[in-house]
Amino acid sequence: MDAVILLNKPAGMTSFDAVAKCRKIFHERKIGHTGTLDPEASGLMIILLGKYTKLLPYCVKNHKAYQATLKFGEMTDTEDVWGTVVQTKTPTIHTEEEIAKAVQSLTGDILQVPPMYSALKKDGKKLYEYARQGIEIEREARPVHISSLKVEKIDELNYRMNAVVSSGTYIRTLIADFGKQLDELAIMASLVRTKIEHLSIEEACTFEGLESGKAFLSPIQVIDPAYKIVETDRVADIKNGKRIKLDITDPQVIFTSNGELLAAYALQEDGLYHCLRGLF
């Protein structure tokens, strides 16, 4: 089965298990997703089935929007309320100006050290596997971009955070770093991914919706806006991977014919577009 699905993953399920459940619903062996959600997080996941698994490198991945809640006073080994408490500290009251200053310091281009409880790999082994063995691995800070960040107080211990971030940003760590800016311990209490680029959770389906046959998207809807969509009648040339001359200078394009995806191409130094991958 060839399909693109927007799934509203429930909390309490790993992304791997969510994909496995979709595989069972649609009886499709070839299946994948475009970005992991923490097990206790809920929200938007893009699921690719059949031939559309080829789209993975070309799908929307930035400007991910999240709604989170956080609490002051504790730090855990996982930077969230589901981990083991490793440190406590009595929080203090903060002014709106202090909150705004902390938010501003974490907006734009920043460096973020990924958490030990993550799926990033070191020497072929996932960091969380080291963490479960009590082994701390030195991690280099990575550049991420925080397009938008808002934090509002719920009460003296709890706050609400809305963030729009680049791919690879850890909200748990953003929350911990927010606490550090205020000389506080802060951990994530809940997380919902609400958007990826223009795609919204309001368009997504639950598993119950999938089982009733809802939720299919046009594959063009999940293409990264970095790729210009170019309609063409040179279908045979594109499918044969021939180099193409265009009167544009966009670095990357996706060729389509009558709305059907054909291939991803990139502009090279010879002024021609070279095939990256067929998508048919």
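**Figure 1. Asp237 and Arg234 joined by a salt bridge.** In this predicted model, the side chains of Asp237 and Arg234 meet in a salt bridge, with N and O 3.1 Å apart. Arg234 counts as partly exposed, at 33% relative accessibility. The pairing belongs to a wider picture, since Arg234, Asp237 and Lys242 are linked in a network of salt bridges. Side chains of opposite charge can pair when their charged atoms come close. If you would like to look for others, the structure holds eleven salt bridges.

**Figure 2. Asp270 and Arg243, a salt bridge between two loops.** Here the closest N and O atoms of Asp270 and Arg243 are 3.6 Å apart, and the two residues form a salt bridge. Asp270 sits in the loop between β17 (260-267) and β18 (273-278), while Arg243 is in the loop between α6 (235-239) and β16 (252-257), so the pair ties together parts that are 27 residues apart in sequence. The two partners can also be viewed by their accessibility: Asp270 is partly exposed, with a relative accessible area of 41%, and Arg243 is exposed, with a relative accessible area of 51%.

**Figure 3. Arg160 paired with Glu152.** This view shows a salt bridge in which the side chains of Arg160 and Glu152 meet at 2.9 Å, N to O. Arg160 is partly exposed, at 34% relative accessibility. Its partner Glu152 is partly exposed too, with a relative accessible area of 42%.

**Figure 4. A positive patch on the surface.** Arg23, Arg29, Lys30 and Arg277 together form a positive surface patch. To find your way in, begin with Arg23, which lies in helix α1 (residues 15-26). Arg23 is partly exposed, and its relative accessible area is 33%. An unreviewed UniProt entry places the feature "domain: Pseudouridine synthase II N-terminal" at residues 23-171. The C-alpha atoms at the ends of residues 23-171 lie 28 Å apart, and the span is 14% helix and 38% strand.

**Figure 5. Asp38 and its place in a loop.** In an unreviewed UniProt entry, the feature "active site" is placed at Asp38. Asp38 is found in the loop between β2 (31-33) and β3 (42-49). At 23% relative accessibility, Asp38 counts as partly exposed; the cut-off for a buried residue is under 20%.

**Figure 6. Helix α4 and its buried residues.** Helix α4 (residues 171-181) is mostly covered, with nine of its eleven residues buried. Those buried residues are Ile171, Arg172, Thr173, Leu174, Ile175, Ala176, Asp177, Phe178 and Gly179. Do follow the backbone a little further: just after α4, Asp183 takes a positive phi of about 60°. For a wider setting, buried residues make up 45% of the 280 residues in the protein.

**Figure 7. Positive phi at His27 and Asp123.** Two loop residues are worth a look here. His27 has a phi near 55°, a positive value in a residue other than glycine. His27 has its place in the loop between α1 and β2, and at 72% relative accessibility it counts as exposed. For Asp123, phi is near 55°, again a positive value in a residue other than glycine. Asp123 is placed in the loop between β8 (121-122) and β9 (125-126). With a relative accessible area of 71%, Asp123 is exposed.

**Figure 8. Glu203 and Asn8, far apart along the chain.** Glu203 and Asn8 are 195 residues apart along the chain, and their C-alpha atoms are separated by 8.9 Å. Glu203 lies in the loop between β13 (199-200) and α5 (207-211). Glu203 is partly exposed, with a relative accessible area of 37%. To place this view and the others within the whole, note that the protein has six helices and 18 strands. Its C-alpha trace spans about 70 × 45 × 40 Å along the principal axes.

Note on methods: Residues are numbered from 1 along each chain as its sequence is written. This is a predicted model: local features need pLDDT of at least 70, side-chain atom pairs count only at pLDDT 80 or more; totals for chains, interfaces and linings use all residues. Side-chain values use heavy atoms; hydrogens and water are left out. Patches are made of residues with over 30% relative accessible area and no salt bridge: like charges are joined within 9 Å, nonpolar side chains (Val, Leu, Ile, Met, Phe, Trp, Tyr) within 5 Å. Accessible areas come from the Shrake-Rupley method with a 1.4 Å probe; for residues, only the protein chains shown count as cover. A salt bridge is a side-chain nitrogen of Lys or Arg within 4 Å of a carboxyl oxygen of Asp or Glu. Lys and Arg count as positive and Asp and Glu as negative; His and the chain ends are not counted. The place of a charge is taken as NZ of Lys, CZ of Arg, CG of Asp or CD of Glu. Helices (H or I, at least four residues) and strands (E, at least two) are DSSP runs, numbered from the N terminus. Buried means under 20% relative accessible area, exposed over 50%, partly exposed in between (1.4 Å probe, protein chains only). UniProt positions are given in the numbering used here, feature names are shortened, and annotations may be inferred rather than shown by experiment.
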